[in-house]
Amino acid sequence: MIAPTARHQLAHPEGEVATARAAAACNTIMVLSNMSTCTVEDVASSCNAVRFFQLYFFQFLSCSCLLGLKISNGTFPEQVYKRRDISAQIVQRAEKSGYKAIVLTVDAPRLGRREADIKNRMVAPQLNFEGILSTDLNSDEGSKVEAFVKETFDASLCWEEIEWLKSITNLPILIKGVLTHEVARKAVEVGVAGIVVSNHAGRQLDYTPTTISGVVDAVGRKVPVLLDGGVRRGTDAFKALALGAQAVLVGRPVIYGLAANGERGVRRIIEMLKDEFELTMALCGCPGVMDITRSHVRTECDKLHSML
């Protein structure tokens, strides 16, 4: 699958529309980013790809003068309010446009320290929210993406939000950003349709593990478990499936292909990964995907057990 990655028009003028067309041509599911540079509707109308939509929850900052509050130095404290109306609007637009699932990212209560974005004073175009959310920030220093996230993303996300999200859409809900078996079990309890094991490609916190095996064991195949992050070759996809994942999401390689040659570049990336994956299956003696088992990989943990 194509992972939700932001701002494809920075890589190619056609942006997410080109990526979606490549996904359709390769019979591959695309997860459109909440932070895309093409609208939900434009991507949907561009092709017949199977699409999921990735979601963040929103808040906004407001002066408490609206409540008649004032502190001693004459300034008004800021209050944070949840903007469920914005989240509801974008989810309902995605559902109306034929998206097949919502992928809720849960590992970004605050934005990680993205030093390149700070150095380059990265901007944050948000076409999906024109007219319903201001993206014109007054930050003169550092990353405007960081400023946008700080002012608009809801850092108080909790399990009750899953129930609210289920109440406003008929689409299945997957959660992305799970790393521990405790969170995976809780996710199953609250009724998610799938789990994406992800360390946000190292963009949130360095050195976090991608613990696919523990999550798969905890879930016990009650819901699909997908792996996001670090997939660069078909052998990576093979190893992920051997460890229990039912699909992998590919992020950076898709952007590289898009930057190199637009839609054709993305198609070539997906074809290369599929060819490498099939070759790995053949050389490992696996006629079909169901023949890929845990016995085909050996982890550091396995090495330690063999030494005991």
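## Strands and partners

Two strands count as paired when DSSP finds at least two bridges between them. Keep that in mind as you look at this model, which is predicted. Take Asp228: its bridge partner in E9 is Leu249. Strands E8 and E9 run parallel and are joined by three bridges.

On to another partner of E8. Strand E7, covering residues 194-198, pairs with strand E8, covering residues 225-228, through four bridges, again in the parallel sense. You can pick out facing residues here: Val196 sits opposite Leu226 in E8, and Val197 sits opposite Leu227 in E8. In general, the strands of a sheet pair through backbone hydrogen bonds, and the pairing can be parallel or antiparallel.

Which way do the side chains of E8 go? Val225 and Leu227 point one way, while Leu226 and Asp228 point the other way. All four of these residues are buried.

## The whole sheet

Now zoom out. E7, E8 and E9 belong to an open sheet of seven strands, in the order E1-E2-E5-E6-E7-E8-E9, with parallel pairing. Which strands stand at the edges? They are E1 (30-32) and E9 (247-249). Each has a single partner strand, so one side of each is left without a neighbour in the sheet. On average, neighbouring strands of this sheet are turned by 30 degrees against each other, ignoring direction.

A helix lies across part of this sheet too. Helix H3 (residues 84-96) crosses strand E2 (51-55) and strand E5 (102-105), and runs at about 175 degrees to E2.

## A helix with a kink

Have a look at helix H10, residues 252-283. With 32 residues, a straight helix would reach 46 Å at 1.5 Å a residue, but the end C-alpha atoms of H10 are only 27 Å apart. Where is the kink in H10? It is centred on Asn261 and comes to about 140 degrees. After H10 comes Gly285, whose phi is positive, near 75 degrees.

## Positive phi in two loops

Most residues other than glycine have a negative phi. Here are two with a positive value. Asn27 has a phi near 55 degrees and lies in the loop between helix H1 (15-25) and E1. Arg221 has a phi near 60 degrees, and its loop runs between helix H8 (212-219) and E8.

Are these residues buried or exposed? The cut-off for exposed is over 50% relative accessible area. Asn27 has 72%, so Asn27 counts as exposed. Arg221 has 57% relative accessibility, so Arg221 is exposed as well.

## Cysteines

How many disulfides does the structure hold? Zero. Cys284, for example, is in no disulfide: the nearest cysteine sulfur belongs to Cys286 and is 5.7 Å away. A disulfide needs the two sulfur atoms within 2.5 Å, so that pair doesn't make the cut.

As for how covered up the cysteines are, Cys47 has 18% relative accessibility, so Cys47 counts as buried, given that buried means under 20%. Cys284 has a relative accessible area of 34%, which means it is partly exposed.

## The big picture

Finally, some totals for the protein. Its secondary structure comes to 11 helices and nine strands. Of its 308 residues, 48% are buried. And if you take the contacts with a separation of 6 or more, 64% of them are between residues 24 or more positions apart.

Note on methods. Residues are numbered from 1 along each chain as its sequence is written. This is a predicted model: local features need pLDDT of at least 70, side-chain atom pairs count only at pLDDT 80 or more; totals for chains, interfaces and linings use all residues. Side-chain values use heavy atoms; hydrogens and water are left out. Buried means under 20% relative accessible area, exposed over 50%, partly exposed in between (1.4 Å probe, protein chains only). Axes are lines fitted to C-alpha atoms, for helices over the stretch in contact, and angles run from 0 to 180 degrees between N-to-C directions. Contact means heavy atoms within 4.5 Å. The expected span of a helix is 1.5 Å times one less than its number of residues. The bend at a residue is the angle between axes fitted to the seven residues ending there and the seven starting there.
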